[in-house]
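Take a look at the sequence and the fold below. A short report follows, one topic at a time.

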Amino acid sequence: MKIAIGCDHGGFKLKNAVIEHLQKKGLEVKDFGTYTEESCDYPEFAQKVAEEVVSGNYEFGILICGTGIGISIAANKVPGARAALCHDTFSAHATREHNNANILAMGERVIGVGLALDIVDTFLGTEFEGGRHQRRIDKIKEIEKKYYK
């Protein structure tokens, strides 16, 4: 499994913990930055990761900022990105199973490392259920077609 990961300065420490966790599991992880705790703007990292996931170069993306809110909003501007902000394992499971989310967003200032790693494992370990949920994903794609010309 190939994972694209990115963050701003507010998610730098958690991003590094997630990378280490995923590499210990033998997963391929590409870090799209930021690489320091110096103040920076999350939209550029959200865009990089979302484009890589949507293009098919990576199966999933993980984005982290202080709250996870801004970086998820930015990622969802890329057509085909379905970034879900999750701060609990139930949401991580449900968004994969029902929404076929392809990007996980989290906030370093909101949750601790232990919970974040559980969320990552749940997100990556849950399969999309399809069926009635695919119909809803198709409707999301129709919205994108209408507004992203």
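## A starting point

In which strand is Leu 85 found? Leu 85 is found in strand 4. Strands (E, at least two residues) and helices (H or I, at least four) are DSSP runs, numbered from the N terminus.

This is a predicted model: local features need pLDDT of at least 70, side-chain atom pairs count only at pLDDT 80 or more, and totals for chains, interfaces and linings use all residues. Residues are numbered from 1 along each chain as its sequence is written, and side-chain values use heavy atoms, with hydrogens and water left out.

## The sheet

Five strands make an open sheet. Their order is 2-1-3-5-4, and the pairing is parallel. Strand 2 (28-31) and strand 4 (83-85) stand at the edges; each has a single partner strand, so one side of each lacks a neighbour in the sheet. From one strand to the next, the twist averages 25°. Two strands pair if DSSP finds at least two bridges between them.

Strand 3 (residues 60-65) runs parallel to strand 5 (residues 103-107), and five bridges join them. Ile 64 has Met 106 in strand 5 as its bridge partner. Cys 65 is bridged to Gly 107, also in strand 5. Strand 4 and strand 5 pair in the parallel sense too, over three bridges. Here Ala 84 stands opposite Leu 104 of strand 5.

## Helices on the sheet

Helix 1 (residues 12-24) lies across strand 1 (2-7), strand 2, strand 3 and strand 5. It runs at about 165° to strand 1. Helix 2 (residues 42-54) also packs on the sheet, touching strand 1, strand 3 and strand 5. Its direction makes about 170° with that of strand 3.

Contact means heavy atoms within 4.5 Å. Axes are lines fitted to C-alpha atoms, for helices over the stretch in contact, and angles run from 0 to 180 degrees between N-to-C directions.

## Buried or exposed

Why is strand 5 largely enclosed by the rest of the structure? Five of its five residues are buried, so the strand is largely enclosed. Both faces are covered. Ile 103, Ala 105 and Gly 107 are buried on one side, Leu 104 and Met 106 on the other.

Leu 85 counts as partly exposed because its relative accessibility is 35%. Buried means under 20% relative accessible area, exposed over 50%, and partly exposed in between (1.4 Å probe, protein chains only).
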